[in-house]
Amino acid sequence: LGGDEFALVFAAHDGTDRAEVELAEARAAIACPYDYADVLLTVETSLGFCASGEVGCETTALLRTADARLYADKMARRAFARAARTSAFAQFANVA
């Protein structure tokens with residue numbers, strides 16, 4: 001894992017439902033605003049996961065699949081942010 005990448009590992013019997021709940025909770029915890037030098041900061045993150053039942057138990061396959069999903073999540077978040085900015089700009093342009 002790289003310098004800004006982390007892994008959460010759960011027992012195999014917990015399944016993907018548990019992983020999805022844990023990812024949502026992790027995303028919410030990371031997004032909580034915090035004060036640094038009197039500036040309120042927020043952080044967003046992209047997350048991906050893979051269950052061993054999907055690709056087997058080989059570490060490389062698990063990490064590769066989780067990484068691909070992380071990248072897909074990142075692209076989806078960027079597309080959403082881009083669409084939100086475009087929509088906000090369009091609303092502003094229509095008002096002006």
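In this predicted model, a nonpolar patch of about 520 Å² lies on the surface and is made by Ile-30, Tyr-34, Tyr-36, Val-39, Leu-41 and Val-43. The elements that contribute two or more residues to this patch are β1 and β2. Tyr-34, one of the patch residues, sits in strand β1 and counts as partly exposed, with a relative accessibility of 41%.

**Overall architecture**

The protein contains 3 helices and 2 strands, and these elements follow the pattern α-β-β-α-α when read along the sequence. Of its 96 residues, 11% count as buried. The surface that the protein exposes amounts to about 7,500 Å², of which 59% is supplied by carbon and sulfur atoms. Among contacts with a separation of 6 or more, residues 24 or more positions apart account for 36%.

**The loop between the strands**

The loop between β1 (34-36) and β2 holds Ala-37, and Asp-38 is found in the loop between β1 and β2 as well. Most residues other than glycine have a negative phi. Against that background, Ala-37 has a positive phi near 55°, and Asp-38 has a positive phi near 65°. Are these two loop residues buried or exposed? Ala-37 is exposed, with a relative accessible area of 61%, and Asp-38 is likewise exposed, at 72%; both count as exposed because their values are over 50%, the cut-off for that class.

**Salt bridges**

Side chains of opposite charge can pair when their charged atoms come close. A search of the whole structure finds 3 salt bridges, and the table gives each pair with its N to O distance.

| Salt bridge | Distance (N to O) |
|---|---|
| Asp-73 and Arg-27 | 3.2 Å |
| Arg-69 and Glu-54 | 2.7 Å |
| Asp-73 and Arg-77 | 3.5 Å |

Which parts of the chain does the salt bridge between Asp-73 and Arg-27 link? The side chains of Asp-73 and Arg-27 meet at 3.2 Å, and this pair links distant parts of the chain, with Asp-73 in helix α3 (residues 59-95) and Arg-27 in helix α1 (residues 15-31), 46 residues apart. Asp-73 counts as buried because its relative accessibility of 17% is under the 20% cut-off, whereas Arg-27 is partly exposed, with a relative accessible area of 22%.

The side chains of Arg-69 and Glu-54 meet in a salt bridge at 2.7 Å. This pair also links distant parts of the chain, Arg-69 lying in helix α3 and Glu-54 in helix α2 (residues 52-55), 15 residues apart. Arg-69 is partly exposed, with a relative accessible area of 32%, and Glu-54 is partly exposed too, at 39%.

In the salt bridge between Asp-73 and Arg-77, the N to O distance is 3.5 Å. Both Asp-73 and Arg-77 belong to helix α3, where they are 4 residues apart, about one turn of the helix. Arg-77 is partly exposed, with a relative accessible area of 28%. Taken together, Arg-27, Asp-73 and Arg-77 are linked in a network of salt bridges.

**Ser-46 and the charged network**

Ser-46 is found in the loop between β2 (39-41) and α2. With a relative accessibility of 16%, Ser-46 counts as buried because this value is under 20%. Which residues are in contact with Ser-46, leaving aside its neighbours within four places in sequence? They are Arg-27, Leu-70, Asp-73, Lys-74 and Arg-77. Among these contacts of Ser-46 are Arg-27, Asp-73 and Arg-77, which are the residues linked in the network of salt bridges. Ser-46, in a loop, is thus in contact with Arg-27 of helix α1, and also with Asp-73 and Arg-77 of helix α3.

How values were computed. Residues are numbered from 1 along each chain as its sequence is written. This is a predicted model: local features need pLDDT of at least 70, side-chain atom pairs count only at pLDDT 80 or more; totals for chains, interfaces and linings use all residues. Side-chain values use heavy atoms; hydrogens and water are left out. A salt bridge is a side-chain nitrogen of Lys or Arg within 4 Å of a carboxyl oxygen of Asp or Glu. Buried means under 20% relative accessible area, exposed over 50%, partly exposed in between (1.4 Å probe, protein chains only). Contact means heavy atoms within 4.5 Å. Accessible areas come from the Shrake-Rupley method with a 1.4 Å probe; for residues, only the protein chains shown count as cover. Patches are made of residues with over 30% relative accessible area and no salt bridge: like charges are joined within 9 Å, nonpolar side chains (Val, Leu, Ile, Met, Phe, Trp, Tyr) within 5 Å.
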